[in-house]
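User: Please explain the terms applied to this model, setting each value against its definition.

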Amino acid sequence: AVADVVAARSERALRRAQAQLRGALGGRAAGLRRRAIELAAEIEATLDFPEDDLEVAPCAHVAAEADALGREARALGASFREGRALREGLEVALVGRPNVGKSSLLNALVGEERALTDAAPGTTRDFVEVELEWDGVPVTLIDTAGAAAGAQGIEARGLVLGRERVQRADVALLLVEAEAGAAAADRRLWDE
């Protein structure tokens, strides 16, 4: 938690790391553990000592408590993914055929021209990365070269580098030309 406070890349990440430092995560986990042990003890007592006329909890109560514990444990697991995103950031790769608007979208999301755009296909030959923050989450946008068939030389090398970079991204956003709709090349990219 101390390392996360020092390395926080946003205000939201800092607040979360400070909460961890105060023991919020450990407290939640300890509470779930305590409730699970109590439920297990209740079930075991009913099974092990049926002759003692112990006050038996209705099966519906036991099932409801087990269900609630499961939901809360899943929520705690999901909070790990959110914490990772806040701590390490998310990488979003923009992929698609040449001239579908990947660089234009990146520029619009960033609010300035960071990637060159042109009406001629093949302007982007390499991937372009831009870091920004959305709602307290560090995000790296990755504009990749358009996947053109028959690319050679430096253009082909740029496509290979782009594909490798997309494989490491958290999210790949496939852009498709709005007027033409999804073509066979778009479907191949989707499958990749």
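The questions and answers below deal with the terms and the values behind them.

User: What kind of model is this, and how are its residues numbered?

Analyst: This is a predicted model, in which local features need pLDDT of at least 70 and side-chain atom pairs count only at pLDDT 80 or more, whereas totals for chains, interfaces and linings use all residues. Residues are numbered from 1 along each chain as its sequence is written, and side-chain values use heavy atoms, with hydrogens and water left out.

User: How many helices and strands does the chain have, and what makes a stretch count as one?

Analyst: A helix is a DSSP run of H or I with at least four residues, a strand is a run of E with at least two, and both are numbered from the N terminus. The chain has seven helices and four strands. Their order from the N terminus is α-α-α-α-β-α-β-β-α-β-α.

User: Why is D186 called buried?

Analyst: Buried means under 20% relative accessible area, exposed means over 50%, and partly exposed lies in between (1.4 Å probe, protein chains only). D186 has a relative accessibility of 1%, and therefore counts as buried. The residue lies in helix α7, residues 184-191. Across the chain of 192 residues, buried residues make up 28%.

User: Which residues does D186 contact beyond its sequence neighbours?

Analyst: Contact means heavy atoms within 4.5 Å. With neighbours within four places in sequence left aside, D186 is in contact with R97, L174, L175, V176 and G181. For D186 and V176, the C-alpha to C-alpha distance is 6.9 Å at a separation of 10 residues in sequence.

User: Why are A36 and A40 called partly exposed?

Analyst: A36 has a relative accessibility of 37%, so A36 counts as partly exposed. A40, with a relative accessible area of 32%, is partly exposed as well. A36 is found in helix α3, residues 24-48, and A40 is found in helix α3 too. The C-alpha atoms of A36 and E65 are 8.8 Å apart, with their positions 29 residues apart in sequence. A40 and A66, 26 residues apart along the chain, have C-alpha atoms separated by 9.6 Å.

User: What makes the phi of N99 worth noting?

Analyst: Most residues other than glycine have a negative phi. N99 is not a glycine, yet has a positive phi of about 65°. N99 lies in the loop between β1 and α5 (102-110), and its relative accessible area of 40% makes it partly exposed.

User: What makes a set of residues a nonpolar core, and which residues have the most contacts inside the largest one?

Analyst: A nonpolar core is a set of buried Ala, Val, Leu, Ile, Met, Phe, Trp, Tyr and Cys residues joined through side-chain atoms within 4.5 Å. The largest such core has 14 residues, and V92, L94, L106, V137, V139 and L141 have the most contacts inside it. Two or more residues each come from α4 (59-88), β1 (90-96), β2 (128-134) and β3 (137-143). The largest share, three residues, is that of β3. Beyond its neighbours within four places in sequence, V137 is in contact with R12, A85, L86, L90 and L132.

User: How is a pocket told from a cavity, and what lines the largest pocket?

Analyst: On a 1 Å grid over the protein atoms alone, a cavity is a set of points where a 1.4 Å probe fits but cannot get out, while a pocket is an open set with protein on both sides within 12 Å along at least five of seven lines; lining residues have an atom within 4 Å of a point. The largest pocket is lined by 19 residues, with V95, R163, V166, L189 and E192 nearest its centre. The elements giving two or more residues to this lining are β1, α6 (153-168), β4 (171-175) and α7. The largest share, six residues, comes from α6.

User: How many cavities are counted, and which residues line the largest?

Analyst: The count comes to one cavity of 30 Å³ or more. The largest cavity is lined by D4, A8, A13, R16, A17, Q20, G83, L86 and R87. Its lining takes at least two residues each from α2 (11-21) and α4, and the largest share, four residues, comes from α2.

Key. Points joined across faces, edges and corners; volume = space filled by probe spheres on them.
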